[in-house]
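Let's take a walk through this structure together, one region at a time. Keep the sequence and the 3D view side by side as you read.

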Amino acid sequence: MRRRTLLLSGIASLAAGGAGAQMAATPPYYLGYNPANPQAPGLGDKIGPGFSRLVIARWGDLLQPDAPPFTPDALSLAQADNQFPYDAVIAALIAPPPAQDNIPRLVLVTANPTAPANMLFPGGMDRPAIAGREQGVTVVNLQYQAGRWVTVVGGYQTRRLSDGTLCQLSGPAAAQVGSTVQGVLAVQAGSATPWGNVLLAEGDAGPWLNRLSGLGFGYGDPGQGARYGWVVELDALNPLYIPVKRTAIGRIARAGLLATQSKDGRPVLFFTQDAQAGMLFRFVAATNAQDGTALDSGTLSVAVLGGDGIDWVALPNDVPTLAGLANAGATAGGETFDAPAGLALSQDGGALYMACAGNAQRSVADSLNPGGGEGHILRFTLPGGDATARHFPATLALVAGNPALREGTQYGPGSQAWLRKPRTLAVDPAGNLWIGTDQKGDTEQSADGLFIMQTSGPATGALAYAYLAPVGAAAGGVAFDANSKTAFGAVRHPGATPGASFDHPETRWPTLQPNMPPQTTIIGLVTQ
């Protein structure tokens, strides 16, 4: 086990020294702080009032004790296989059964969607074999020690899934697609499940298949694409578990995924299409089978506009529909939302939230899509908490943008922040909605970060920030441990502004050292 003593906030924190330097309060340490625009990005990060911040893991950290040292200017397959990867999005946080030593433990699962050549390799010279290993999924053991969470190098569950991982395929399309496949590609998001596993959403694998086509393993085969773009089920607590791609849930590039269950215990999944004009889908399992087959049969539906919200229209369950889910949804009249992405369910199960990052190309606004490129958040009501109901009433919970520049923004009374491009959502133990933003590196107007929106009471809709990331970085979701009052967040690709590169990043956070690249970092925000 290793403890991080380097503060993310940079040079000023190094001067603090000692154990106290593991946490930080911000404004003096926020490199580039601009009083005229408190949300302006800087070379460092900024922590919201009431929180302190610690480091959990960052690109290049050892996952296995025999991993080679991190040499970012000369990455190897061994480094990519055994170190924390370049990019990360929080997929799930799982609590394993208590151990006899009573030490609190968690298992963190992250999706690793990207490995851009311009930010990963000197001179931008692509190395597809390395990139294919940098992307995928990472499972990390965490242990609570001396009042904080630390990673466990060589932990029992610690593992990486990548382009070299053997997977099974199950369900109706497996007979045509094939029963096995090498690799998980372009995993964008994930969700813990009520039955203890983790579901991982593959996105558009096409660019990855093109990039990896010269490596063999059939990646250059035109028919290989049919084996990607599925929901992958993983038992994160079992290091020997072979991931399973569940074809009954359909093949489509996904941006967000949420798992819950019906009142009679059947799995229910909601997921969004990764597209500027994307649809919202639902899968309701046919059974609550305990033998691992519950996700192999069920009903897929697409959301269409109806009355004061959406209606769920069932889709055929034949293999052509499953393999071409986007076409099937469009044929059924699926509503296209403005870049739909992250999903979150309220604690009482009565509300489903969906983040829309915005679509500047929308020509006609409707009740659920106010238009513009800033984004918004929708709140769907689940009647009686029934995730299988046919109709969900819907309202706008937030309309993003700078209120000083954009008409029609919607924030609750008492808001102390504003945001652009909401991408990820999560509900904390107190019932507040946490919003992660992603402006694709273009953070000139405002830093990306994690924002908190109240969901009840007289200040419903009020927004404040919990964390603002460095210039060029995005927020890759959040998950919570109530016992330690810790929110685990992912700070993605710092310094990756448009036009930036490995040799010339916009910042070198978190070390701010000239010989180190910027590093994606898993942080913990601790309530003070």
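Before we start, one definition: two strands are said to pair if DSSP finds at least two bridges between them. Please also keep in mind that this is a predicted model.

With that in hand, look at strand 10 and strand 11, which form a hairpin with 5 residues between them. In the turn of this hairpin, Gly-196 has a positive phi of about 100 degrees. Strand 10 covers residues 187–192, and its pairing with strand 11 is antiparallel over 5 bridges. If you would like a landmark for that pairing, find Ser-191, which stands opposite Leu-199 in strand 11.

Strand 11 has another partner as well. Strand 12, residues 231–234, pairs with strand 11 in the antiparallel sense over 4 bridges. Here the landmark is Leu-200, whose bridge partner in strand 12 is Val-232. As for what holds such partners together, strands of a sheet pair through backbone hydrogen bonds, either parallel or antiparallel.

Is strand 11 enclosed or open to its surroundings? The cut-off to use is a relative accessible area under 20%, which is what buried means here. Strand 11 runs over residues 198–202, and 5 of its 5 residues are buried, so the strand is largely enclosed by the rest of the structure. Both of its faces are covered. On one side you will find Val-198, Leu-200 and Glu-202, and on the other Leu-199 and Ala-201, all of them buried. Notice that Glu-202 is part of this buried set.

Next, let's turn to an open sheet of 4 strands. Its order is 2-31-30-29, and the pairing is antiparallel. Strand 2 (51–58) and strand 29 (474–481) stand at the edges, each with a single partner strand, so each has one side without a neighbour in the sheet. On average, neighbouring strands in this sheet are turned by 25 degrees against each other, direction ignored.

Which residues help you line up strand 2 with strand 31? Leu-54 stands opposite Gly-524 in strand 31, and Phe-51 has Thr-527 as its bridge partner there. In total, 7 bridges join strand 2 to strand 31, residues 521–527, and the two run antiparallel. Although strand 2 is at an edge of the sheet, it is mostly covered, with 8 of its 8 residues buried.

The loop between strand 30 (486–492) and strand 31 is worth a stop for its backbone. Pro-510 lies in this loop, and the peptide bond leading to Pro-510 from Trp-509 is cis, with omega near 15 degrees. Leu-512 is in this loop too, and it has a positive phi of about 60 degrees although it is not a glycine. At 16% relative accessibility, Leu-512 counts as buried. For context, most residues other than glycine have a negative phi, and most peptide bonds are trans.

Ala-339 is another residue with a positive phi, of about 55 degrees, although it is not a glycine. You can find Ala-339 in the loop between strand 20 (337–338) and strand 21 (340–345). With 8% relative accessibility, Ala-339 counts as buried.

Two serines give us a look at buried surroundings. Ser-301 sits in strand 18, residues 298–306, and is buried with a relative accessible area of 5%. Beyond its neighbours within four places in sequence, Ser-301 is in contact with Leu-280, Phe-281, Arg-282, Trp-312, Val-313, Ala-314 and Leu-315. For a sense of scale, Ser-301 and Asp-101 are 46 Å apart in space, C-alpha to C-alpha, and 200 residues apart in sequence.

Ser-162, by contrast, is placed in the loop between strand 7 (159–161) and strand 8 (166–170). Ser-162 is also buried, with a relative accessible area of 6%. Leaving out neighbours within four places in sequence, its contacts are Gly-132, Arg-133, Gln-135, Gly-136, Gly-183 and Val-184.

Our last stop is the second largest pocket, which holds about 290 Å³ of space. Its lining has 17 residues, and those nearest its centre are Trp-195, Ala-289, Gln-290, Gly-292 and Ala-294. What mix of residues makes up the lining? The lining residues divide into 7 nonpolar, 7 polar and 3 charged.

Key: Residues numbered from 1 in each chain as written. Predicted model: local features only at pLDDT ≥ 70, side-chain atom pairs only at ≥ 80, totals over all residues. Heavy atoms only, no water. Buried < 20%, exposed > 50% of the residue type's maximum accessible area, 1.4 Å probe, protein only. Contact = heavy atoms within 4.5 Å. 1 Å grid on protein atoms, 1.4 Å probe; cavity = no way out; pocket = protein on both sides within 12 Å on 5 of 7 lines; lining within 4 Å. Points joined across faces, edges and corners; volume = space filled by probe spheres on them. Nonpolar A, V, L, I, M, F, W, Y, C, P; charged D, E, K, R; others polar. Axes fitted to C-alpha atoms, helices over the stretch in contact; angles between N-to-C directions.
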